[in-house]
Amino acid sequence: MEHICHSGNPVPTVKAVTATPDYMLHLTFGNGETRIYDARPLLTKNIFFPLREPAFFLRAFADGCSVAWNDDIDLDPCHLYECSTPTGGATDVWTVFRPH
């Protein structure tokens, strides 16, 4: 399933996530693309206060659509996609399937 973001572009859902102690999320989207999201800016917002605890942050999981930590804290897949950086791996669909 894809989500339509504010920009009007479809964005794939998050299929896998790995959180790191430096507050980065390594994301794998449904289209196979991998990206890195820097979650440090979230730590200044009160709603994300629990994420300041490293052990809690590391419990991030893909909930079938996006990234969540519990029933109260999750992130919008459009935000994750638009605010993350491609890893440059061979998961870019066009790179993998581009005719030669």
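## A walk through the sheet and its surroundings

Let's start with strand β3 (residues 14-19), which pairs with β4 in the antiparallel sense over 5 bridges. Keep in mind as you look that this is a predicted model. Within that pairing, A19 stands opposite L25 in β4, and T18 stands opposite H26. The two strands form a hairpin with 4 residues between them. In the turn sits Y23, with a positive phi of about 65°; hold on to that residue, as it comes back further down.

Now step across to the other side of β4. Here 5 bridges join β4 to β5, and again the strands run antiparallel. L25 turns up once more, with Y37 as its bridge partner in β5. β4 and β5 also make a hairpin with 4 residues between them, and in this turn G32 has a positive phi of about 90°.

Put these pieces together and you have part of an open sheet of 4 strands in the order β3-β4-β5-β9, with antiparallel pairing. At its edges are β3 and β9 (85-86), each of which pairs on one side only. As you trace the side chains, remember that in a regular strand they alternate between the two faces of the sheet.

How does that sheet fit into the rest of the chain? The secondary structure comes to 3 helices and 9 strands, and from the N terminus on, the elements run β-β-β-β-β-α-β-β-β-α-β-α. Of the contacts with a separation of 6 or more, 46% are between residues 24 or more positions apart.

The aromatic rings give a nice example of a long-range link. There are 3 aromatic pairs by the rule used here. In one of them, the rings of F29 and Y81 have their centres 5.1 Å apart and their planes at 85°, so this pair counts as edge-to-face. It links distant parts of the chain: F29 is in strand β4 (residues 24-29) and Y81 in helix α2 (residues 77-82), 52 residues apart. F29 has a relative accessible area of 1%, so it counts as buried. Y81 has another companion too: R35 lies over the face of its ring, at 4.3 Å from the ring centre.

Elsewhere, ring pairs link Y23, F57 and W69 into a cluster. That is the Y23 from the turn between β3 and β4, and the cluster leads us on to L51. Is L51 buried or exposed? Its relative accessible area is 0%, so L51 is buried, even though it is found in a loop, the one between β5 (34-38) and α1 (54-57). Leaving aside neighbours within four places in sequence, L51 is in contact with Y23, L42, L43, F56, F57, W69 and I73, a list that takes in the ring cluster of Y23, F57 and W69. The C-alpha atoms of L51 and A39, 12 residues apart along the chain, are separated by 9.1 Å.

Zooming out, buried residues make up 35% of the 100 residues in the chain. The chain exposes about 6,100 Å², and carbon and sulfur atoms supply 58% of that.

Finally, a word on confidence. The mean pLDDT is 84, and 79% of the residues reach 70 or more. Over residues 90-100, though, pLDDT stays under 50, and the model has 8 contacts beyond four places in sequence for that stretch. Where pLDDT is low, the predicted coordinates should not be read in detail.

Definitions and conventions. Residues numbered from 1 in each chain as written. Predicted model: local features only at pLDDT ≥ 70, side-chain atom pairs only at ≥ 80, totals over all residues. Heavy atoms only, no water. Buried < 20%, exposed > 50% of the residue type's maximum accessible area, 1.4 Å probe, protein only. Contact = heavy atoms within 4.5 Å. Phe/Tyr/Trp six-rings, centres within 6.5 Å; stacked < 30°, edge-to-face > 60°. Lys NZ or Arg CZ within 6 Å of the ring centre and 35° of its normal. Areas by Shrake-Rupley, 256 points an atom, 1.4 Å probe, with all protein chains shown as cover. pLDDT = per-residue confidence, 0-100. Pairing = 2+ DSSP bridges.
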